[in-house]
Amino acid sequence: MTRFLDLVHPAAGTALLSRWLTGTSERSQTAADAVTAEWAAAGKPAGRLAQHVFISADGTGLLFYAQWTSDARHLAWARAHRAGTVSRVDALVPGIERPGLERTRLHRSVVHDAGRPSGALVVGATAADAVADTVAPAPGLLAAHIHLTPDGERAIVVAEWTDAASHEAAAPSGHSFKRYTLHASLVDVGH
């Protein structure tokens, strides 16, 4: 699996994370393919650096990780084009739930092992002052990438593990998380 730092664009002024709840593996695959086709067919929006779509390991949803030069550039695109893109996907996969968009910025990455391949990508949210628990060395934890919300109160942690079993053995009870695999990436060249 691709390492997360390979997806990070150094010029990103904002990193957007959003989930789509589809319900089934088939619906997730159809939605992921449809949105990837939409991105590929559309012109390159000013300010977008990269867009990645992940499918949850249980097949019930998608995670989008987008990097833009700024929130203003993303908002300008969203006002002009998001509704059309979403409506075309919804025609193929009706009833997708979209719990919301998290505007973040990659705060820092803690890499414990840069050499081994990542077998599981785990995404969870926590209070910013509780991040230490999620990035501390643990058997199988390769890296953790901390994204902070603009108010600095919440952290979205994207963690790379050698495999799901390692994560399960180390996961503290009561923490909410989801596992994903990369489905597709679109990297805009020339920004």
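Here are some worked exercises on a predicted model, going from the overall fold down to a single residue.

**Exercise 1. Work out which elements build the protein, in what order, and how its overall dimensions compare with the globule rule.**

Step 1: Start with the elements. The protein has four helices and eight strands.

Step 2: Now walk along from the N terminus. You get β-α-β-β-α-β-β-α-β-β-α-β.

Step 3: Check the radius of gyration. For this protein it is 16 Å, and the globule rule gives 16 Å for 191 residues, so the protein is as compact as a globular protein of that length.

Step 4: Add the dimensions. Along the principal axes, the C-alpha trace spans about 45 × 35 × 30 Å.

**Exercise 2. Find out how much of the protein is buried, what its surface is made of, and how far apart in sequence its contacts reach.**

Step 1: Of the 191 residues, 43% count as buried.

Step 2: Turn to the outside. The accessible surface is about 9,200 Å², and carbon and sulfur atoms make up 54% of that.

Step 3: Take the contacts with a separation of 6 or more. Residues 24 or more positions apart account for 76% of these.

**Exercise 3. Describe the largest pocket: its volume, its lining and the elements behind that lining.**

Step 1: The volume of the largest pocket is about 390 Å³.

Step 2: Look at the walls. There are 21 lining residues, and those nearest the centre are Ser18, Gln51, His74, Trp77 and Arg82.

Step 3: Trace the lining back to the fold. Two or more residues each come from strand E1 (14-21), helix H1 (25-41), strand E2 (48-56), strand E3 (61-68), helix H2 (71-92) and strand E4 (97-111). H2 gives the largest share, six residues.

Step 4: Sort the lining by class. That gives 12 nonpolar, five polar and four charged residues.

**Exercise 4. Now go for the closed spaces: how many cavities of 30 Å³ or more does the structure hold, and what lines them?**

Step 1: Count them. The structure holds two cavities of 30 Å³ or more.

Step 2: Take the largest cavity, with about 40 Å³ of space. Its lining includes Met1, Thr2, Arg3 and Phe4, and also Phe54, Ser118 and Leu182. By class, the lining of this largest cavity splits into six nonpolar, two polar and two charged residues.

Step 3: Move to the second largest cavity, with about 30 Å³ of space. Among the residues lining it are Arg19, Trp20 and Leu21, together with Gly61, Leu62, Lys178 and Tyr180.

Step 4: Assign the second lining to elements. E1, E3 and strand E8 (177-187) each give two or more residues, and E1 gives the most, with three.

Step 5: Finish with the classes for the second largest cavity. Its lining has four nonpolar, three polar and two charged residues.

**Exercise 5. Place Thr126 in the fold, decide whether Thr126 is buried or exposed, and list its contacts beyond its neighbours within four places in sequence.**

Step 1: Locate the residue. Thr126 sits in strand E5, which covers residues 120-127.

Step 2: Apply the cut-off. Buried means under 20% relative accessible area. Thr126 has 14% relative accessibility, so Thr126 counts as buried.

Step 3: Set aside the neighbours within four places in sequence. Thr126 is then in contact with Val131, Glu153, Arg154, Ala155 and Val157.

Technical notes:
Residues are numbered from 1 along each chain as its sequence is written. This is a predicted model: local features need pLDDT of at least 70, side-chain atom pairs count only at pLDDT 80 or more; totals for chains, interfaces and linings use all residues. Side-chain values use heavy atoms; hydrogens and water are left out. On a 1 Å grid over the protein atoms alone, a cavity is a set of points where a 1.4 Å probe fits but cannot get out, and a pocket is an open set with protein on both sides within 12 Å along at least five of seven lines; lining residues have an atom within 4 Å of a point. Grid points are joined across faces, edges and corners, and a volume is the space filled by probe spheres set on the points. Ala, Val, Leu, Ile, Met, Phe, Trp, Tyr, Cys and Pro count as nonpolar, Asp, Glu, Lys and Arg as charged, and the others, Gly among them, as polar. The radius of gyration is taken over C-alpha atoms; the globule rule is 2.2 Å times the number of residues to the power 0.38. Buried means under 20% relative accessible area, exposed over 50%, partly exposed in between (1.4 Å probe, protein chains only). Contact means heavy atoms within 4.5 Å. Accessible areas come from the Shrake-Rupley method with a 1.4 Å probe; for residues, only the protein chains shown count as cover.
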